[in-house]
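Trainee: I'm new to this one and would like a close look at a single part. Could you walk me through it slowly?

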Amino acid sequence: MANMSLNKNPMPTQDPKVRAKNFLEVATGYSEQAALDEAARCLNCKNMPCVSGCPVNIHIPDFIEKVREGDFEEAYKIISKSSSLPAVCGRVCPQENQCEAKCVRGIKGEPVGIGRLERFVADWHNEHSSAVETAPEKNGHKVAVVGSGPAGLTCAGDLAKSGYEVTVFEALHTAGGVLVYGIPEFRLPKKIVAKEIETLKKLGVKIETNIIIGKTLTVDELFDMGFEAVFIGSGAGLPRFMGIDGENLKGVYSANEFLTRSNLMKAYEENSATPILRAEKVAVVGGEMLRWMLQERRFALAQKRFILYTVAPLKNFLQDRKRLSMLWRRALNSNFFAIL
Amino acid sequence: MYKIVSKKELNSTVTMMDIYAPFVAKKAEAGQFIILRVNEDGERMPLTIAGFDREAGTVRIIFQVVGATTTLLNQKNEGEYIEDFAGPLGNPTKTDNLKKVAIVGGGVGCAIALPVAQKLHKLGCEVHSIIGFRNEDLVILEDEFKAASDKLIVMTDDGSKGRRGLVTEPLKELIESGEEYDEVIAIGPLVMMKFVVLTTKPYGVKTTVSMNPVMIDGTGMCGGCRLTVGGKVKFACVDGPDFDGFLVDFDEAIARSNMYKPFEERKREENCNLLNMKVK
Ligand SMILES: Cc1cc2nc3c(=O)[nH]c(=O)nc-3n(C[C@H](O)[C@H](O)[C@H](O)COP(=O)(O)OP(=O)(O)OC[C@H]3O[C@@H](n4cnc5c(N)ncnc54)[C@H](O)[C@@H]3O)c2cc1C
Ligand code: SF4
Ligand code: FES
């Protein structure tokens, strides 16, 4: 008998008072009990509307059924057939616009917590599984992937599973793209990303950091090196400045610079080698960071006061979650972040 | 990991290293830079390529020990390794169609100016070099410059070596005496470049400056290295590092370059204390 509760099992989180003082993950994840209970809310619909909302078509009701049976490892196997980064996607995918937006349980109440279950399954596997990933038999074809963000890693994972010899070339010193330089530790711990990348390496994916394709090596050279195909997943993460007076003053950061200093270079740590300005008063220009802050209910470097200047009316942002997250993804680069 | 193939102290504060990085060595050109991290959790630090040996697969860097990261790097010895070394980044210095140039280098900037002088010299261009230092002890690469220049003027602030005074003085004299330069290339501290530009502007001599703002990724992703050039925002790491000196907003660049001064000073003190403890 399905669990007919209209509400999702809530996501356990760190106490706000505690989390305001640390950089650890805010959401702590379902317990086994909560996962079993949430899985029981799924109706195992024949036409699987949720799957049509998932960009990689994870067999959602199938994996949820395995969770309900308590066979978490089998659930993991089902997810990993379609997704190379379940622990990451379970945390940062905008499920409310994707699978969960299509879930029939969402008509009367809240949809099934598909993302939370995905995260639970991936974390359970990473913690408990003794299954060893082995590289599948090679098919003798070499593919180069440029960029190690979620796009590049997913491509590399899928190809490796089908036997291709994949090498990922990354410009920075660490693989992960926005997952390591953009998304804060308290939302997506870096060790989760590192673990997913380890899994890809076990599948035989090679990762070469510090190689800027176009500078260190060209695409033509990649072909000369024997790669038969090149996938370019270099991201769209270039900041665009708005031409506002004073934009280049000391103390004005683009969102990307602030995030890169804080996340990739760990400037939030007291003894970090990379500096970041800490100010009493902070102004944020642009709508994107607003969502981030509303979501986290705090500001990463715990300044005393911050002022928000948004490019869209605050009211709309608060009312319209969907638009908010669409804007979040679309306009990330056009905003900037200022510490004045 | 990238091996330090050789290390040489050029003076009490400036060190030269050859790093084994064959991919970078293969592509490097004068005017480009690399980004390195000395160790894990280290800062990403840009350094201009001071030379390269494509066959040996090595890239030469010359750095002045000024802050925490350069101090750490300077503690590494020949045969040891540094964590990361990525490049070549930025655009090579343009050397096409130049018949006669003046190269103005200041301090450690001379290390960056040298490969440009060498390249132009090799291409048959007439090279006049003016290199400036605070005093005799800090003079570097004099012989190398001599070999790459048709005329070399060494300046020191206190007159302990060469002529006493600023690099802009002989530059002005040369231009006034009728030397017709296709271009003046200035590489050194921001203030020096600003004054070189003020010197050449009245004569309308095209002046290229090499900008080294604070950087992180060096790939155009963060915008931290931005400058105003001709009223437009430019990223030094992908649009530069060379820019038309007449168009650069130096005052803004100077202000931005001071952003982390207090941090750097604190770090250096911490590092020194750490070293002193080790020595004891
Ligand atoms: C703070 C923040 C939070 C976010 N939160 C979410 C979220 O919760 N949910 C969500 O769905 N999305 C979120 N996003 C958006 C999401 O991160 C991006 O859509 C996603 O990272 C894009 O992935 P990608 O692989 O295409 O590119 P990227 O992650 O940008 O990766 C590109 C990689 O390619 C490398 N590269 C670039 N050029 C070269 C080259 N020439 N040679 C070699 N390597 C190169 C780059 O260094 C980088 O590592 C967030 C973004 C930010 C900034
Ligand atoms: S739509 Fe919702 S209830 Fe139906 S199968 Fe998918 S997750 Fe389960
Ligand atoms: S250093 Fe980040 S854009 Fe230039």
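Which domains does the domain assignment give for chain B, and how many residues of domain 1 of chain B are in contact with domain 2 of chain B?

Mentor: Happy to, and keep in mind that this is a predicted model. The domain assignment splits chain B into domain 1, covering 2-89, and domain 2, covering 100-210. Let's stay with the place where those two meet. Their C-alpha centres are 24 Å apart, and 14 residues of domain 1 of chain B are in contact with 11 residues of domain 2 of chain B.

How much area goes under there? The size of an interface is often given as the accessible area lost when the parts come together. Here, domain 1 of chain B and domain 2 of chain B bury about 960 Å² between them, with 68% of it on carbon and sulfur atoms. If you want residues to click on in domain 1 of chain B, go for Asn11(B), Ala30(B) and Ile62(B): they lose the most area to domain 2 of chain B, and together they make up 38% of what that side buries.

Now for the charges and polar groups. The rule finds one salt bridge across this interface between the domains of chain B. Look at Glu29(B) and Lys119(B), whose side chains meet in a salt bridge at 3.4 Å, N to O. As for polar contacts, two residue pairs are counted between domain 1 of chain B and domain 2 of chain B. On the domain 1 side, strand S6 of chain B (residues 58-64) gives the largest share of the touching residues, namely three. Sorted by class, that side of domain 1 of chain B has seven nonpolar, six polar and one charged residues.

With that picture in mind, turn to where chain B touches chain A. There, 38 residues of chain A are in contact with 40 residues of chain B, and the two chains bury about 3,200 Å² between them, 57% of it on carbon and sulfur atoms. The count of salt bridges between chain A and chain B is three. One of the salt bridges to look up joins Asp41(B) to Lys266(A), with the closest N and O atoms 3.6 Å apart. Polar contacts between chain A and chain B come to 18 residue pairs. On the chain A side, strand S5 (252-254) and helix H14 (255-264) are the elements that give two or more residues, and H14(A) supplies the largest share, four residues. By class, this side of chain A has 17 nonpolar, 14 polar and seven charged residues.

Key. Residues numbered from 1 in each chain as written. Chains lettered and ligands numbered in written order. Predicted model: local features only at pLDDT ≥ 70, side-chain atom pairs only at ≥ 80, totals over all residues. Heavy atoms only, no water. Domains from an automatic or database assignment. Contact = heavy atoms within 4.5 Å. Buried area = accessible area lost by both parts, 1.4 Å probe. Salt bridge = Lys/Arg side-chain N within 4 Å of Asp/Glu carboxyl O. Polar contact = N/O pair within 3.5 Å; in protein donor to acceptor, adjacent residues only side chain to side chain. Nonpolar A, V, L, I, M, F, W, Y, C, P; charged D, E, K, R; others polar.
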